[in-house]
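Please read this briefing alongside the sequence and the coordinates shown below. It is arranged by topic, moving from the whole model to single residues.

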Amino acid sequence: MGMTMAEKILADHSDKEEVKPGEYIFANLDLVMGHDVSAPRAIRIFRKMGAKKVFNKDKIILLEDHFVPNKDVNSAESCKLMKEFALEQELTHYYPVGRAGICHAFLPESGMVLPGQLIVGGDSHTCTYGALAALGTGIGATDLAAAMALGKLWFKVPETIKITFKGKPSKWITGKDLILFIIGQIGVEGAKYKSLEFDREAVTYLSVSDRLTIANMAVEVGAKCCLMPPDAKIIQYLKERTREEIDISFLESDIGVNYEKVLEFDITKIEPQVAFPYLPSNVKPISKVGKIKIDQVVIGSCTNGRLEDLRLAAEVLKGKKVPNYLRLIIIPATQKIYLDALAEDLLKVFVEAGGVINPPSCGPCPGAQMGVLAKGEKAVSTTNRNFVGRMGHKESEIYLASPLVAAASAVKGYIADPRELLI
Amino acid sequence: MVWKFGDNIDTDQIIPAKYLSISDPRELGRHCMEDKRTNFASLISSGDFIVAGNNFGCGSSREEAPFVLKEIGIKVIIAKSFSRIFLRNAINIGLSVIDCAALVDETSEGDELEIDLSKGKLKNITTSQIYQSQPMSEFLLQIINDGGLVNFVQKELQKTRRVNK
């Protein structure tokens, strides 16, 4: 019968020859990640559990990205608690503001995520790591506390949905357009509890950055995890970042394996995509959007704050000025990306266009600071969620799109097709 | 009594992220569902139910979402389906969640319910309808019977300490 990628990784971490969908198992964890929203709560629960020491001081990553630089006294207290805990437990991987950036950009970038690993994070977008063939999945604070104490957690083995693409996307199509297109097709519950697996053909034409964007938003269709088979591009990406030995020999799904569903999408003709409020599945191709005037553009986040994303945005914004009534907010996802963007003069392009650069962080994506929307305001954002009130007032609106669409919209003042500016 | 909601009630609606740096449970609870229903927390009596459509709790991994619902007095959530992380968090903190589409379709706001968790038997007292939900898996029942994941971990840690002595 054989096993899917998710089943192989879960079997490998629970000392089992084989696991089957629906089975409950305890599995050993390779990495456990918490940030300034999930970790403080988890630390308090860890103590309530009577735990004294973390299971492995090298395998726990504590990092600040949501409400930093501290937005108020409460968030300052949260970060203080994390610092005290990291020192007390002598954690190898503790990254306060200024040392890392957004967790899901930083972990892959720094070579910590490896194929075949099982990673849990106190953040729903932990599924991002599937782009590197690691099973990453989001958990809450009690799970995070248990994971830090025991180094293992309970899992239900998910069924797998396989996605394959037909054809090659046009040069205007980014990973963001592809994942928005998929979410639009299968809906916000389209892969609930499932492992969303892409086949080798599906990822062939995609850069590692595009793959990370796609895997990042797998949770928006309800998936437990996303997995992509590792290929030469992934090996190269990892070699530039780690000296760890990389074993990918066992990872790909077996032939003839039982998928819950196989979905094939023809991507040759798709246009840039935009998700309308208030669900990421409310997707329209750019030609059907109409003229929607906007107040703010946000380019950043764990979905689209990598150097490749900033390069695309800069290509559109170079030599342009955004209209005076529009706010352009750019957020390099990590310290390294910030430095690279500086070295490539990308930040100069943004500032000259009238934009502001936020420090590496989640910024306004969760609606707490650094770009919150007023009543009735509209934003085009490269982030991942456009729920009611996500970025501010409950009557504000978020339109999700790629960095190309976001940058073009910033120039025009309304939601715009990048092809209008670059062709 | 029942408080009824539609599909895709996401964690930003249950508790907006801007409040997540608040650690005081009561203060946090006051903001539960505030963008969806004004003063929701103050309307709830202990033991009330939420009945909702598909994909309840979708979005972020914040455990504060099931936590605030439990904190303001919600006893059980019955939905057509739950998002994965919300379901996991609810079980881990000991908040009961039940899938039962038939009950959701035939129950209105303000109805009274009676629920036997161990048998998965649900009764709408207002309409006198009885429903049977999928019984919970033994594995998850064990965690709930242990009083949630905190107690489970406590037991595990005690075992390790005994072995090490």
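The notes that follow cover confidence, overall form, the contact between chains, sheets, helices and backbone details.

This is a predicted model, and it scores ipTM 0.92 and pTM 0.96. Chain A contains 15 helices and 18 strands, while chain B includes a parallel sheet of four strands and an antiparallel sheet of three.

**Confidence and overall form**

- For chain B the average pLDDT is 92, and 99% of the residues score at least 70.
- Chain A, with its 15 helices and 18 strands, has a radius of gyration of 21 Å, close to the 22 Å that the globule rule gives for 423 residues, so chain A is as compact as a globular protein of that length.
- Taken along the principal axes, the box filled by the C-alpha atoms of chain A is roughly 60 × 55 × 40 Å.
- Of the 423 residues in chain A, 60% count as buried, and among its contacts with a separation of 6 or more, 77% are accounted for by residues 24 or more positions apart.

**The contact between chains A and B**

- Chain A gives 42 residues to the contact and chain B gives 36 residues.
- On the side of chain B that touches chain A, the elements that give two or more residues are α1 (11–14), α5 (84–93) and α8 (149–164) of chain B.
- The residues on that side of chain B comprise twelve nonpolar, 15 polar and nine charged.

**Sheets of chain B**

- The parallel sheet of chain B is open and has four strands, in the order β1-β2-β3-β4; β1 (2–4) and β4 (96–99) of chain B stand at its edges, each with a single partner strand, so one side of each is left without a neighbour in the sheet.
- From one strand to the next, the twist in this parallel sheet averages 20°.
- Within the parallel sheet, β1(B) pairs with strand β2 (residues 48–52) of chain B over three bridges, and B:K4 stands opposite B:V51 in β2(B).
- The antiparallel sheet of chain B is likewise open, with three strands in the order β5-β6-β7; β5 (113–116) and β7 (129–132) of chain B stand at the edges, and because each has a single partner strand, one side of each is left without a neighbour in the sheet.
- In this antiparallel sheet, neighbouring strands are turned by 15° against each other on average, direction ignored.
- Strand β6 (residues 121–124) of chain B is joined to β7(B) by four bridges in the antiparallel sense, and B:K123 stands opposite B:I130 in β7(B).

**A strand pair in chain A**

- Strand β5 (residues 118–121) of chain A pairs with β6(A) in the parallel sense over four bridges, with A:L118 standing opposite A:L135 in β6(A).
- Strand β6 (residues 135–138) of chain A is covered on both faces, since A:L135 and A:T137 on one side and A:G136 and A:G138 on the other are all buried.

**Covered helices of chain A**

- Helix α2 (residues 38–48) of chain A is mostly covered, with eight of its eleven residues buried; these are A:S38, A:A39, A:P40, A:R41, A:A42, A:I43, A:I45 and A:F46.
- After α2(A) comes A:G50, whose phi is positive, near 80°.
- In helix α8 (residues 208–216) of chain A, nine of nine residues are buried, including the charged-type positions A:D210 and A:R211.

**Backbone details in chain A**

- Most residues other than glycine have a negative phi, and most peptide bonds are trans.
- The peptide bond from A:V68 to A:P69 is cis, with omega near -10°, and A:P69 lies in the loop between β3 (60–63) and α3 (73–88) of chain A.
- The peptide bond from A:P277 to A:Y278 is also cis, with omega near 0°, and A:Y278 is placed in the loop between β12 (273–275) and β13 (283–285) of chain A.
- A:E90 is not a glycine, yet its phi is positive, about 50°; A:E90 sits in the loop between α3 and β4 (93–95) of chain A and counts as exposed, because it has 11 C-beta neighbours inside 10 Å.
- A:Y193, again not a glycine, has a positive phi of about 70°; A:Y193 lies in the loop between α6 (175–186) and β9 (195–198) of chain A and is partly exposed, with 19 other C-beta atoms within 10 Å.

Conventions. Residues are numbered from 1 along each chain as its sequence is written. Chains are lettered from A and ligands numbered from 1 in the order in which they are written. This is a predicted model: local features need pLDDT of at least 70, side-chain atom pairs count only at pLDDT 80 or more; totals for chains, interfaces and linings use all residues. A residue is buried if 20 or more other C-beta atoms lie within 10 Å of its own, exposed if 12 or fewer, and partly exposed in between; C-beta atoms are placed from the backbone. Two residues are in contact if their C-beta atoms, placed from the backbone, lie within 7 Å. pLDDT is the predictor's confidence in each residue, from 0 to 100. Two strands pair if DSSP finds at least two bridges between them. Axes are lines fitted to C-alpha atoms, for helices over the stretch in contact, and angles run from 0 to 180 degrees between N-to-C directions. The radius of gyration is taken over C-alpha atoms; the globule rule is 2.2 Å times the number of residues to the power 0.38.
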